[in-house]
Amino acid sequence: MADSPVTSGTSTPVPEGAAAPSKNEEKKKAKRLEKEAKFAAKAAQKAAAASSGDKKAKTEKERVKKEEEAPFVNTTPKGEKKDLSQPMASGYNPIAVEAAWYEWWEAQGFFRPQFTPEGEIKPEGRFVISFPPPNVTGSLHIGHALTVAIQDTLVRWNRMLGKTTVWVPGYDHAGISTQSVVEKRLFNATGQTRHDLGRENFIEKVWEWKEDYQSRITNQMRRLGGSFDWDRVAFTMDETRYKAVMENFCRLYEDGIIYRANRLVNWCVRMNTTLSNLEVDQKQLNGRTLLNVPGYDLKEKFEFGVIVSFAYPIDGSDEKIIVATTRPETMLGDTAIAVHPDDPRYKHLHGKFAVHPFLDRKIPIITDSIVVDMSFGTGAVKITPAHDPNDYEVGVRHNLPFISLMNDDGTYNDNAGPQFKGMKRFHVRVAVVKALQDKGLYVETKDNPMQIPICSKSGDVIEQVLKPQWWVNCQPLAEEALKRTRAGELLIQPKQSESEWYRWLEGLQDWCISRQLWWGHRIPAYFVRIEGQQQDNADTKNWVVGRTLEEATERAKKLANGANFTLEQDEDVLDTWFSSGIWPFSTLGWPEETPDFKNFYPTSILETGWDILFFWVARMVLLGIHLTGKVPFAEVLCHAMIRDAHGRKMSKSLGNVIDPIDVIQGLDLEALHQKLYDGNLDEKEINKAKAGQKKDFPKGIPQCGTDALRFALCAYTGGGRDINLEILRVEGYRKFCNKIFNATKFAMLKLDDEFVPEPTAKPTGKETVVERWILHKLNNAAQEINRDLAERNFMTATSAAYNFWLYELCDVYIEAMKPMTDESASPETRRSAQQTLYTCLDYGLRLLHPFMPFVTEELWQRLPRRPNDPTPSIMMSSFPTFDSAFVFEEAEKDFDIVFSAIKTGRSLAAQYNLQHDMQLFIKVQDDREVELFESQSRTFVALSKGCKSLQVVRDVSEIPAGCGSQVLTPSVIVHILVKGQVDLEAEIVKCDKKLHLAKMNLDKILKVEQQADYEETVPANVRLANEEKRKTLETEITSLELSKEMFVKLK
């Protein structure tokens, strides 16, 4: 096609008609060349020796310098501005760069919301976000760092757009997790349990833990650069939030949403508490599997993934009925055997009884068409209403007895009979099967692919048990949430999370909010024990609730109706998610009508991991709508789950959990190993984790700095479900920080002491082509970054910032402006180039600031300010946005063709291994192209390393013989003089060797492809790969043949 660029490997021949040299002249020339070659060889030897000596001397100097460099010590008094009067450091040191800025920002009040002089929200709007409160169980991991990086990027961007911004920090008491960790630490340290200490003393211990670890977490949040408004910091159990939680419970109870019922719950024996369905993982088993269970000897393993069949004798006959179960121990609580009413096999047994083999109990045979599938198994189903959710429904339908078998500690109670009473549940499983065998009632055990419920906190096998608990009726709340979401009041991103949102809310079950813990919000419900009355503890009508004891007492008096009574507060605490479910408005002062609640609710966005969309986000929406009448945030953004470089979930036992501070500061392998002892891992787990650390971080974790870590985490965020984090990539962005640092340092040298920025950044109209080009690129970058951040596309936003700085500002403009600012340039050219450079540095640093707050502040503070610009910090400056004054489309096209020619020249130089004294020629066709390339000749030379000269020509005869060339466009061809610059024989030999190897490889591929049954026997993906290899080799051979032909002609 005429418009397609064509590559040519031909050389320019010696012009016809030139006189041939005589033999004498050839001999003289040969002798001269021989002498010159000997001289050059000696000179090269001396130069090499000198170079070697220089290198050794240089290496020695660098070593001494490195030894002399003392570790950085921050001497800036806390809260004061860093002194930048000294020259910039020799290189980028993230620890030095990041020092002091955060404390200064905070002391200056930059993190607080900015209002109009009248105290109103600024006309630009507001941006409000609540930080997902981390658990006070330890320290932040890399997933929390991702949350900080994304949210602070949005906060800083919106603040720079002029909005009133509020970012509320806080912490979650994390009931189960915190109590579990503290109990384990307590036992390891003293051998005591919480029961040894008592409730009040134990809670005091937990508060001590909370204060210690909250301060650690706070330090991490600060080190990560989060511009939180620390004046508004909250904790789910502080006084304000405690009051809000009490209001939440009482109001839902008063509205008929909360009720008490004796229903099946998920019981974790190890944690000794109930759990919600969301806190239970389903472990898939493909068949018989032997597993360890927490709380049992490690040598003991129990059988799962099987189904056991056994027979019940029929009362009054020799007949038996066979049933099957995956939990044979639960047969001790069977209160019925269900068959299908239409099953002819059992019609004669309708209304009859089976006899329990171990207990003095008869079991009715009932008919139920809902629970029984005639075609599955024997068509007879054992019913244990107190220990299975399906059986529970059968028990309700048929008014069956509910026999609870298990104590809270996992042992079986009196209902199990004297033979099994007091035994642990899985010992009962083994004993029941043995007893059935002894009585001749055991039939068989078969593999049964299945899922078993596992506690996500302890790893224990969950039991279904009957307990009177407090429940939230979620159906009316979910209906309203669905209605509001469909009406467009809530945007959920990415789309995959939105579809999951609808599916989950449509099938939402009631929520058990009671937890058998001591650490947490004690339920403000009181059992009213009335003198002389028999009362059911599970019946809601015997309970009152109260925001205070006084309110509860007044309500109890009405209930007792003059009788004597005592109040007994529920011992349980509320589910942690019940308190964090009101986080977006409790942190703003709800239930009081505070100024913060009026100004900042609903919030702008809720950003968190997709894995807690239902744990937390959905509950905030349910409770927020019901309690405040509004959706608590306008948008939900779900970020990815961070995994290690191998795609594995991060786990302490694998040794792949990464502390963000270790990435910021760096940590050697031995120190990484040592940190494992700070957790709750046993020796076996520690050794396994050490092996994982040694494999993943053989030299430890390199020092990367906060800015590089934040930038990397944002660069990873592109809407996927998982991020496989590689520390080497983070380290790569540290090098990007170094590039920014050194480029700014160099550029500052171009801004001499007399330089004063123009009052405005608007172009004057006198800028050169390359100046207009870079300003246009800056404008494009600003437009793209703003669009990407608005669309929450952090990956493309970071790419835009990275590409502008690295490939446009550093690689092109800073190099191109060198001749524009040297002594030979006119004062007008120099001033214009300086002003353009200043604008690019100023705006370029602002574009990077939301991602990289520290290095941008450090460098921006070193830039001079425009006249009458009092902006104290880059974080308070205006974020660059699209400006039509910076649109130079014609200049972009012009310089793009110039830069393409420069890159083509570089490519030709690399092809012929030319590194210096290069002579380039640009062949063009019209006057405009001549003018363009001649005006950019100095830029061309500056950007072409080793380029000695550039000549723009319109006629091929003006190009000397012995040039290699490449077609750029139909009208522009780049030539490079190679004659006399390369060893032609050596180049021909190289070509021959490469041709031989390429042809040999091509022959191998062709032989494979020409096999008779190739299409039928070779997989499609392999055939495709072979085709790609063949095409690549054919192209390579063509290119090598052209190169060889050119070298032969030049001989």
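Two strands count as paired here if DSSP finds at least two bridges between them. On that basis, four strands of this predicted model form an open sheet in the order S6-S5-S18-S20, with antiparallel pairing. The protein has an average pLDDT of 88, and 92% of its residues score at least 70. The domain assignment lists four entries, domain 1 being made of two segments, 94-242 and 577-722.

**Confidence**
- The pLDDT is below 50 over residues 1-53, a stretch that nevertheless has 33 contacts in the model beyond near neighbours in sequence.
- Residues 63-68 also have a pLDDT below 50, and this stretch has one contact beyond near neighbours in sequence.

**Domains**
- Besides domain 1, the assignment gives domain 2 (280-454), domain 3 (723-887) and domain 4 (983-1050).
- Between the C-alpha centres of domain 2 and domain 4 the distance is 71 Å.

**The four-stranded sheet**
- Strands of a sheet pair through backbone hydrogen bonds, either parallel or antiparallel.
- The edges are taken by S6 (273-275) and S20 (511-512); each has a single partner strand, so one side of each lacks a neighbour in the sheet.
- S5 (residues 258-268) pairs with S18 (residues 463-472) over ten bridges in the antiparallel sense.
- Arg 263 has Lys 467, in S18, as its bridge partner.

**Helix H24 and the loop after it**
- H24 covers residues 794-816, 23 residues in all, and spans 30 Å from first to last C-alpha, close to the 33 Å expected at 1.5 Å a residue.
- At Leu 809, H24 bends by about 45 degrees.
- The loop between H24 and helix H25 (827-848) contains Thr 821.
- Thr 821 has a relative accessible area of 12% and is therefore buried, the cut-off being under 20%.
- Outside its neighbours within four places in sequence, Thr 821 makes contact with Lys 750, Arg 830, Ala 833 and Gln 834.

**Ala 782 in helix H23**
- Helix H23 (residues 769-790) includes Ala 782.
- Ala 782 counts as buried because its relative accessibility is 2%, against the same cut-off of under 20%.
- Its contacts, apart from neighbours within four places in sequence, are with Leu 847, Pro 880 and Thr 881.
- Glu 300 is 482 residues from Ala 782 along the chain, and their C-alpha atoms are 63 Å apart.

How values were computed: Residues numbered from 1 in each chain as written. Predicted model: local features only at pLDDT ≥ 70, side-chain atom pairs only at ≥ 80, totals over all residues. Heavy atoms only, no water. Helix = DSSP H or I, 4+ residues; strand = E, 2+ residues; numbered from the N terminus. Expected span 1.5 Å × (residues − 1). Bend = angle between axes of the 7 residues up to and from the residue. pLDDT = per-residue confidence, 0-100. Contact = heavy atoms within 4.5 Å. Domains from an automatic or database assignment. Buried < 20%, exposed > 50% of the residue type's maximum accessible area, 1.4 Å probe, protein only.
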